[in-house]
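This briefing goes through one protein chain for a reader who works with structures computationally. Please keep the sequence and the coordinates in view while reading.

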Amino acid sequence: MSGHREVSAVPPVDSTPRSPAPPHVRASAIAAVALGGLIGAPARYGLGVVFPHNPTGHWPVTTFAINIVGAFVLGGLLEALARLGPDSGWRQRARLCVGTGIIGSFTTYSTLAVDTDLLLRGHHPWSAVTYALGTVIVGMVATAAGIGTGAWMTTWREEERR
């Protein structure tokens, strides 16, 4: 019987493997970032209270140190996680909680912009320029050092296992 199509009562099965929803819509991923934020933001605030900024033309040393430490830790974390395997499972949760949550709320590059603006408005252009450029340049070096440290730690860990 040419031209005749049989109609099946069973709908076709979709054999395409389903990937999980992207992290920005998953409750568990959002919770991981929020949990990290509950740690990082108060830590930054506490350092700002303990080491307040002298606004009379001086560098905001606390903000500078916070951003540099954050750049180092984030570089090391992301390098180590990348060397340990694909961005899934516990590695993805660690990246979201520690990298995005803790370090993302700990560092404060928006405060860098505000402090630079305040230095400029206070007629301290040399401090403003060196602070802004110093933060970016030293931050890049700290990130590279963190990446190197993350690579070294994962290599060292693998050698210890053998």
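In what order do the elements of the protein chain run from the N terminus on? They run α-α-α-α-α, and the count is accordingly given as 5 helices and 0 strands. The model is a predicted one, and the values below are computed from it.

**The chain as a whole**

- The protein chain has 162 residues, and 30% of them count as buried.
- The surface exposed by the protein chain comes to about 10,900 Å², with carbon and sulfur atoms supplying 69% of that area.
- If one takes the contacts between residues at least 6 apart in sequence, 73% of them join residues that are at least 24 apart.

**The largest pocket**

- The largest pocket encloses about 180 Å³ of space, and its lining is made up of 13 residues.
- Nearest the centre of this pocket lie Gly48, His53, Thr62, Thr63 and Thr111.
- Three elements, helix 1 (27–50), helix 2 (61–84) and helix 4 (109–121), each supply at least two residues of the lining, and helix 2 gives the most, with 4 residues.
- Sorted by class, the lining of the largest pocket consists of 6 polar, 5 nonpolar and 2 charged residues.

**Helix 2 and the residue after it**

- Does the length of helix 2 agree or disagree with a rise of 1.5 Å a residue? Its 24 residues should span 34 Å at that rise, and the C-alpha atoms at its ends are 35 Å apart, so the two values agree.
- Gly85 follows helix 2, and the phi of Gly85 is positive, near 150°.

**A positive phi outside glycine**

- Most residues other than glycine have a negative phi.
- His123, although not a glycine, has a positive phi of about 65°, and its place is in the loop between helix 4 and helix 5 (125–161).
- His123 is also exposed, because its relative accessible area of 69% lies over the 50% cut-off for that class.

**Leu47, between helix 1 and later parts of the chain**

- Leu47, which is found in helix 1, counts as partly exposed because its relative accessibility of 30% falls between the cut-offs of 20% and 50%.
- Once residues up to four places away in sequence are left out, Leu47 touches Thr62, Ile66 and Phe106.
- For the pair Leu47 and Thr62, the separation is 15 residues in sequence and 7.1 Å in space, taken from C-alpha to C-alpha; Thr62 is also among the residues nearest the centre of the largest pocket.

**Ala142, in helix 5**

- Is Ala142 buried or exposed? Ala142, placed in helix 5, counts as buried, because its relative accessibility of 9% is under the 20% cut-off.
- Leaving aside neighbours within four places in sequence, the contacts of Ala142 are with Ile68, Ala71 and Phe72.
- Ala142 and Asn67 are 75 residues apart along the chain, while their C-alpha atoms are separated by 9.5 Å.

**Trp59, in the loop between helix 1 and helix 2**

- Trp59 is found in the loop between helix 1 and helix 2, and it is partly exposed, with a relative accessible area of 30%.
- Which residues does Trp59 touch, not counting residues up to four places away in sequence? They are His53, Phe64, Ser127, Thr130, Tyr131 and Gly134, and His53 is one of the residues nearest the centre of the largest pocket.
- The C-alpha atoms of Trp59 and His124 are separated by 10.0 Å, although the two residues lie 65 residues apart along the chain.

How values were computed
Residues numbered from 1 in each chain as written. Predicted model: local features only at pLDDT ≥ 70, side-chain atom pairs only at ≥ 80, totals over all residues. Heavy atoms only, no water. 1 Å grid on protein atoms, 1.4 Å probe; cavity = no way out; pocket = protein on both sides within 12 Å on 5 of 7 lines; lining within 4 Å. Points joined across faces, edges and corners; volume = space filled by probe spheres on them. Nonpolar A, V, L, I, M, F, W, Y, C, P; charged D, E, K, R; others polar. Buried < 20%, exposed > 50% of the residue type's maximum accessible area, 1.4 Å probe, protein only. Contact = heavy atoms within 4.5 Å. Areas by Shrake-Rupley, 256 points an atom, 1.4 Å probe, with all protein chains shown as cover. Expected span 1.5 Å × (residues − 1).
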